[in-house]
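Student: I have a new structure open and don't know where to start. Can you walk me through a few parts?

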Amino acid sequence: MTKELWAPSRALAKLLLIMRLTTFILITAILQVSAAGYAQKITLNERNTPLMKVFDKISTQSGLDFLVPASVLKESKPVNINVSQMELEKVLEQLFVGTELNFKIAQKSVVISRRERSLLDGLKKITLSAFQNKIDVRGRIVDSASVGLQGASVRVKRTGKVTNTGANGEFSIQGLDESDVLQISYVGYILKEVPVKTGLMMIVLAP
């Protein structure tokens, strides 16, 4: 090879050494840049803040752009987070606790995606639903003078199931979860939401 290149073997060895050192330096620099992106310190103190606004504040501090599907923003709820000088990756992990969202840091962007549900997740949900306690709810809807309101609408917020009150403002619904919430509405009265409970529920509507 040295004869074909018309170069001494010592010069060729030196050239190969320089190429190796250059490659090593480039790889080290790339890893340092990547590590710097992950190790940036973030400070946030937000309460009931829209998710996109939190992303904007993280973007300002880190210099990273957030790529978020419109469907995720539409379905997202306000968040609470209070961190001081915490690494970016840990901040995002804390932000998404209890959600179905994933994140991936790629170059100068944070890509947000919805976590794909596995078969095991579906089985867990079915199992929990099957063993969750069901209750039957009875109640009476009245005005401030304790007069029953006939025809008041009683809606289960989770399922959308609706029933109307009878002549004395009474109603009953079977097979509800203990965590369910009822939405009570009647013409001329303020909508009211109440958590379900066992026993007779007496619900007073305000004009």
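Tutor: We'll take a sheet, a serine and a pocket in turn. Keep in mind that this is a predicted model.

Student: Sheet, then. What is the strand order in the open sheet?

Tutor: The order is β8-β7-β10-β11. These four strands pair in an antiparallel way.

Student: Which strands sit at the edges?

Tutor: β8, residues 162-164, and β11, residues 192-195. Each of them pairs on one side only. From one strand to the next, the twist averages 25°.

Student: How many bridges join β10 to β11?

Tutor: Four. β10 covers residues 181-185 and runs antiparallel to β11. Take Val181: its bridge partner in β11 is Pro195.

Student: New topic. Where does Ser62 lie?

Tutor: In helix α3, which spans residues 51-62.

Student: Is Ser62 buried or exposed?

Tutor: Buried. Its relative accessible area is 9%, and buried means under 20%.

Student: Which residues does Ser62 touch?

Tutor: Gln40 and Ile42, leaving out residues up to four places away in sequence. There is also a link to Ile58: its backbone oxygen is 2.8 Å from a polar side-chain atom of Ser62.

Student: And the largest pocket, what is its volume?

Tutor: About 330 Å³. The pocket is lined by 16 residues. Closest to its centre are Ser76, Lys77, Thr99, Glu100 and Leu101.

Student: Which elements give two or more residues to that lining?

Tutor: α4 (70-75), β3 (79-87) and α5 (88-95).

Key
Residues numbered from 1 in each chain as written. Predicted model: local features only at pLDDT ≥ 70, side-chain atom pairs only at ≥ 80, totals over all residues. Heavy atoms only, no water. Pairing = 2+ DSSP bridges. Axes fitted to C-alpha atoms, helices over the stretch in contact; angles between N-to-C directions. Buried < 20%, exposed > 50% of the residue type's maximum accessible area, 1.4 Å probe, protein only. Polar contact = N/O pair within 3.5 Å; in protein donor to acceptor, adjacent residues only side chain to side chain. Contact = heavy atoms within 4.5 Å. 1 Å grid on protein atoms, 1.4 Å probe; cavity = no way out; pocket = protein on both sides within 12 Å on 5 of 7 lines; lining within 4 Å. Points joined across faces, edges and corners; volume = space filled by probe spheres on them.
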